[in-house]
Amino acid sequence: MGYYVYLDGTRQGPYTFEELKNKGINRDTLVWKEGLTDWVPAQNLPELSDLMANTPPTPYQVMPKTWLAESILVTLFCCLPFGIVGIVNSSKVSTLFSEGRFAEAREASKNAGIWTKRAFVIGLVLLILYVLFYVIAIAIATDY
């Protein structure tokens with residue numbers, strides 16, 4: 001019977017119990033084997049407890065900011081294309097975090113923040129240009 005593990009964002013395996021010893025899995029590494037309906041953390045499989053004996057617990061992980069509300073607001077009020085990219089990245093954060101893919105969740109959060117901020121700045125610049133154009137247009141119209 002082989003074990004599959006989810007490491008570095010990819011499914012790997014099958015591995016024997018002996019091969020798993022050298023894979024550097026920890027308590028939170030997602031593992032699947034025949035008979036399981038879904039991926040489970042390695043600590044949930046009693047037969048893998050010997051592998052976990054000398055592994056320190058994984059530090060408590062905090063979910064990164066999703067930027068979802070901000071992305072939705074900039075999409076509605078100013079910059080549709082950039083806001084949509086922000087929303088797409090925002091929606092990935094929770095899913096990746098709940099799957100234990102913490103590095104990918106942080107990266108998605110970072111990307112969502114970048115695109116949301118870009119959309120906000122572009123929207124602000126466009127608003128300033130619009131107001132400036134309007135003021136100039138009124139000034140020109142009142143001179144005649």
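Ala, Val, Leu, Ile, Met, Phe, Trp, Tyr, Cys and Pro are counted here as nonpolar, Asp, Glu, Lys and Arg as charged, and the others, Gly among them, as polar. The structure is a predicted model, in which local features need pLDDT of at least 70 and side-chain atom pairs count only at pLDDT 80 or more, while totals for chains, interfaces and linings use all residues. Residues are numbered from 1 along each chain as its sequence is written, and side-chain values use heavy atoms, with hydrogens and water left out.

The lining of the largest pocket (an open set of points on a 1 Å grid over the protein atoms alone, where a 1.4 Å probe fits, with protein on both sides within 12 Å along at least five of seven lines; lining residues have an atom within 4 Å of a point) divides into six nonpolar, seven polar and six charged residues. Of the 19 lining residues, Tyr6, Asp28, Gly100, Arg101 and Phe102 lie nearest the pocket centre. The pocket holds about 480 Å³ of space, taken as the space filled by probe spheres set on the points, which are joined across faces, edges and corners. Two or more lining residues come from each of β1 (3-7) and α5, and α5 gives the largest share, four residues.

Helices (DSSP runs of H or I, at least four residues) and strands (E, at least two) are numbered from the N terminus. The axes of α4 (residues 80-98) and α5 (residues 102-143) come within 8 Å and cross at roughly 160 degrees; axes are lines fitted to C-alpha atoms, for helices over the stretch in contact, and angles run from 0 to 180 degrees between N-to-C directions. The helices are therefore roughly antiparallel (over 145 degrees).

Terms used
Angles under 35 degrees count as roughly parallel, over 145 as roughly antiparallel, 65 to 115 as roughly perpendicular and the rest as oblique.
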